[in-house]
Amino acid sequence: MYTKKGQPVFLRRIPRFNLEDIDPSLGTGPHPAFVVGGEVKSEIWIGQFPGIVSNGELISVPGVDPANTINFDEALGYARASGPGFHLMTNAEWAAVALLTWKSRGAGDDPVRGNTQWGRSHEAQWEAGTRQSGDAPGEDTGAQGRSGRTLTGSGPATWRHDGTPAGIADLVGNVWEWVAGLRLVGGEIQIIPDNDAAFASTDMSASSPLWKAIRASDGALVSPGTSGTLKYDINPNKSYSNDNTIQDLGPLTLHTTTQTPPAGWDSNTYQDYASALYKDLVVGTGITVPNLLKVLMLAPHTTSITKGRLYARPYGERLPIRGGDWGNGGVAGLAALYLLNPRGSRRWGVGARPAFVL
């Protein structure tokens, strides 16, 4: 495909599938990624490579240094600038690709490897891509101010979602990727319904009225702040430190309430957080996890996946990045989710990927 400025975009078609195709316990009907504006779509298209910003558009092409050091709103704007149908890959789309990959490749552990150790796979160190810095795979050059990013798609087929050269590359490792349609506010999990985050007109600002929370009792979408909605929180047996020492107060726990952070902590506070491997998310007493959380990969749909870690700061507004970067090892994975940063955050290990649907 081509953008409205005529730039090429390499995309992989993902045909519609139903939840029961993945696991009957997840429900029936199309995965939310295929429902846009109430209309069921026959397909979505996902950038085959992490995006780069070229002429003000987020495009997906092989053999380049992926976009990095851009914030959420910039990534959203660059993706939408490419023309009708183009958008920042959504969390629903990420989850759809991850679930399809898991199911089609044996429904066991996460089968996808990537640049998770300075240009090579930490699991299979003979697998390497071409580092944009020119350094050798595996050489830690952080102290010298050089990243471990690899050129998009330069790794082997095992770094692609389906294990073939035509697959979606670099979902695991290389750079974390902003995804749209999900956020955390004061620990409360909020989403844009279905895949409506793919619309160019969808308001995902901090004050947007389109954000919905998820009621624990039945998985219904309700107004943020409604009693009994699902939240990520720190371990209930631990307390915030407020001593300028950042601590992991995990394991990350799914609750309907949160502990109160110290006064003054907000979106721009980088203090304590909680984390857990995807499979080890703790579910609070009395909570039955709604299928919606599982199909969006916000709670484990299986315990067979041993890679990918969930992180959350349950205070302020936090926007999601997924997949992991070049130095994350087993933290990286299709299930990896990082809800620690505000929407204005810029990091050299964070990029974005375009997607398309009409």
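Start by selecting Pro-251, which sits in the loop between β13 (231-233) and β14 (253-255). Look at the bond that leads into this residue: Gly-250 and Pro-251 are joined by a cis peptide bond, with omega at about 10 degrees. As you look around, keep in mind that this is a predicted model.

Stay in that loop and pick Asn-242, which also lies between β13 and β14. Asn-242 is not a glycine, yet its phi is positive, at about 55 degrees. Why pause on these backbone angles? Most residues other than glycine have a negative phi, and most peptide bonds are trans.

Now jump to Ala-107, in the loop between α3 (91-104) and β8 (176-178). Ala-107 has a positive phi of about 55 degrees too, again without being a glycine. Is Ala-107 buried or exposed, or something in between? With a relative accessible area of 31%, Ala-107 is partly exposed.

**Along the loop between α3 and β8**

Next, select Glu-127, which is placed in the loop between α3 and β8. Glu-127 is buried, because its relative accessible area of 6% falls under the 20% cut-off. Show its side chain together with that of Arg-113, and you will find a polar contact of 2.5 Å joining the two. Leaving aside residues up to four places away in sequence, Glu-127 touches Arg-113, Gly-119, Arg-120, Ser-121, Pro-156, Thr-158 and Trp-159.

To see the wider setting, highlight residues 64-180. UniProt, in an unreviewed entry, lists this span as "domain: Sulfatase-modifying factor enzyme-like". The span is 20% helix and 5% strand, and its end C-alpha atoms lie 23 Å apart.

**Three strands side by side**

Move on to strand β17 (residues 309-312), and colour β15 (residues 274-277) as well. These two strands run antiparallel and are joined by four bridges. For one matched pair, select Ala-276, whose bridge partner in β17 is Leu-310.

Then add β19 (residues 337-341). Which way does β19 run relative to β17? The two are parallel, with three bridges between them. Here you can select Ala-312, which stands opposite Leu-339 in β19.

**Aromatic rings**

Now show the aromatic side chains, among which the structure holds 12 aromatic pairs. Zoom in on Phe-17 and Phe-34: their ring centres are 5.4 Å apart and their planes meet at 75 degrees, so this pair is edge-to-face. Phe-17 is in the loop between β1 (11-15) and α1 (19-22), while Phe-34 is in the loop between α1 and β2 (35-36), so the pair links distant parts of the chain, 17 residues apart. Both Phe-17 and Phe-34 are buried.

For another pair, select Trp-326 and Trp-348. Their ring centres lie 5.3 Å apart with planes at 80 degrees, so they too are edge-to-face. Trp-326 is in the loop between β18 (317-322) and β19, and Trp-348 is in the loop between β19 and β20 (350-352), so the pair ties together parts 22 residues apart in sequence. Trp-326 counts as buried at 4% relative accessibility, whereas Trp-348 is partly exposed at 35%.

Before leaving the rings, select Trp-176, Tyr-273, Tyr-311 and Tyr-338, which form one aromatic cluster.

**Charged partners**

How many salt bridges does a search of the whole structure find? The search finds 15. Begin with Asp-162 and Arg-12, whose closest N and O atoms are 2.9 Å apart. This salt bridge links distant parts of the chain, 150 residues apart: Asp-162 is in the loop between α3 and β8, and Arg-12 is in strand β1. Asp-162 is partly exposed at 25%, and Arg-12 is partly exposed at 23%.

Next, select Glu-39 and Lys-41, a salt bridge with its closest N and O atoms 3.4 Å apart. Glu-39 is partly exposed at 47% relative accessibility, but Lys-41 is buried at 12%.

Then try Arg-131 and Asp-135, a salt bridge whose closest N and O atoms are 3.9 Å apart. Arg-131 is buried, with a relative accessible area of 5%, and Asp-135 is buried as well, at 14%. For the last stop, select Asp-73, Arg-183, Glu-317 and Arg-343, which are joined into one network by salt bridges that share partners.

Conventions. Residues are numbered from 1 along each chain as its sequence is written. This is a predicted model: local features need pLDDT of at least 70, side-chain atom pairs count only at pLDDT 80 or more; totals for chains, interfaces and linings use all residues. Side-chain values use heavy atoms; hydrogens and water are left out. Buried means under 20% relative accessible area, exposed over 50%, partly exposed in between (1.4 Å probe, protein chains only). Two strands pair if DSSP finds at least two bridges between them. UniProt positions are given in the numbering used here, feature names are shortened, and annotations may be inferred rather than shown by experiment. A polar contact is a pair of N or O atoms within 3.5 Å; within protein, one must be able to donate a hydrogen and the other to accept it, and residues adjacent in sequence count only if both atoms are side-chain atoms. Contact means heavy atoms within 4.5 Å. Rings of Phe, Tyr and Trp (its six-membered ring) pair if their centres lie within 6.5 Å; planes under 30 degrees apart count as stacked, over 60 as edge-to-face and the rest as tilted. A salt bridge is a side-chain nitrogen of Lys or Arg within 4 Å of a carboxyl oxygen of Asp or Glu.
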